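Reader: Mind walking me through the charged pairs and the nonpolar packing in this one?

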Amino acid sequence: MKPLVFLLFCISMQMCSQVKQPQKSNSTEKSKSMENSTSKNNPYYSRTDHTKLNVPNSEWKKILSPEVYAVSREAETERPGTGKYNNFDALGEYYCAVCGNHLFRSDSKFSSTCGWPSFFEAEKDGVIYKRDSTYGMERTEVLCKRCDSHLGHVFNDGPPPTGTRFCMNSVSLDFVADSKTAAK
């Protein structure tokens with residue numbers, strides 16, 4: 001019975017992950033707003049401009065850190081339990097680390113224990129969906145609507161009120177704390 005439980009656990013963990021893993025970034029480089037450092041040298045990054053971007057990957061590769069590029073542009077996945085937002089519960093907004101598009105509000109985040117930050121609801125104008133049949137699995141990929149960057153996958157095993165679980169990569173997200181929370 002224990003081997004069966006272990007096997008089911010491993011399969012459920014694998015549903016969010018993919019085979020290729022980007023290298024883990026240095027977690028000591030956290031800023032007050034927890035932004036990815038690549039947003040500061042990125043001419044396409046804006047939290048107010050919602051214009052659709054059509055930037056080639058060759059240009060993104062020059063701008064983004066290797067970790068952000070691997071996940072957002074090559075659809076790789078960070079290792080489970082390693083992301084800075086996995087066990088994170090501050091109040092605020094989550095944006096695309098590549099372009100600054102608004103994706104999630106912290107009050108839709110929940111502890112799914114899957115190893116990645118999970119949300120039960122996304123900003124309706126922030127994401128788009130694409131069928132993903134890689135690695136012999138049928139999943140729904142979640143992409144940023146503005147820049148088409150890979151964020152993670154969505155599953156139908158989340159909590160009420162939506163029943164969905166947006167299983168996201170921390171490296172694909174920038175967090176900005178609410179002003180009330182940041183002042184404390």
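Author: Sure, one term up front: a residue is buried under 20% relative accessible area, exposed over 50%, and partly exposed in between. Keep in mind that this is a predicted model.

Reader: Good. So is K130 buried, exposed or partly exposed?

Author: Its relative accessible area comes out at 46%. Since that falls between the 20% and 50% cut-offs, K130 is partly exposed.

Reader: And which residue does K130 pair with in a salt bridge?

Author: Side chains of opposite charge can pair when their charged atoms come close. For K130, the N to O distance is 3.7 Å, and a salt bridge needs a nitrogen within 4 Å of a carboxyl oxygen. The partner is E141.

Reader: How far apart in sequence are the parts that this pair ties together?

Author: K130 sits in strand 5 (residues 127–132), while E141 belongs to strand 6 (residues 139–144). So the bridge ties together parts that are eleven residues apart.

Reader: Is E141 buried or exposed?

Author: The relative accessibility of E141 is 6%. The cut-off for burial is under 20%, so E141 counts as buried.

Reader: What about D157 and R165: which of the two is buried?

Author: These two form a salt bridge, with the closest N and O atoms 2.8 Å apart. D157 has 48% relative accessibility, so D157 counts as partly exposed. At 6%, the buried one is R165.

Reader: Which residues are linked with R105 in a network of salt bridges?

Author: One bridge joins R105 to D178, their closest N and O atoms being 2.7 Å apart. That pair links distant parts of the chain, 73 residues apart: R105 is in strand 2 (residues 102–105), and D178 is in the loop between strand 9 (173–177) and helix 4 (179–183). The network linked with R105 takes in D178 and E93.

Reader: How many salt bridges does the structure hold?

Author: The pairs above are among them: K130 with E141, D157 with R165 and R105 with D178. The count for the structure is nine.

Reader: On to the packing. Which helix gives the largest share of the largest nonpolar core?

Author: This core has 29 residues, and W60, Y94 and F104 are among those that touch the most other members. Helix 2 (57–63) and helix 3 (66–74) are among the elements that each supply at least two residues. The largest share, three residues, comes from helix 3.

Reader: Which cysteine is W60 in contact with, beyond its neighbours within four places in sequence?

Author: The contacts of W60 include Y44, L53, V55 and Y69. The list also holds R73 and V98, and the cysteine in it is C147.

Notes:
Residues are numbered from 1 along each chain as its sequence is written. This is a predicted model: local features need pLDDT of at least 70, side-chain atom pairs count only at pLDDT 80 or more; totals for chains, interfaces and linings use all residues. Side-chain values use heavy atoms; hydrogens and water are left out. A salt bridge is a side-chain nitrogen of Lys or Arg within 4 Å of a carboxyl oxygen of Asp or Glu. Helices (H or I, at least four residues) and strands (E, at least two) are DSSP runs, numbered from the N terminus. Buried means under 20% relative accessible area, exposed over 50%, partly exposed in between (1.4 Å probe, protein chains only). A nonpolar core is a set of buried Ala, Val, Leu, Ile, Met, Phe, Trp, Tyr and Cys residues joined through side-chain atoms within 4.5 Å. Contact means heavy atoms within 4.5 Å.
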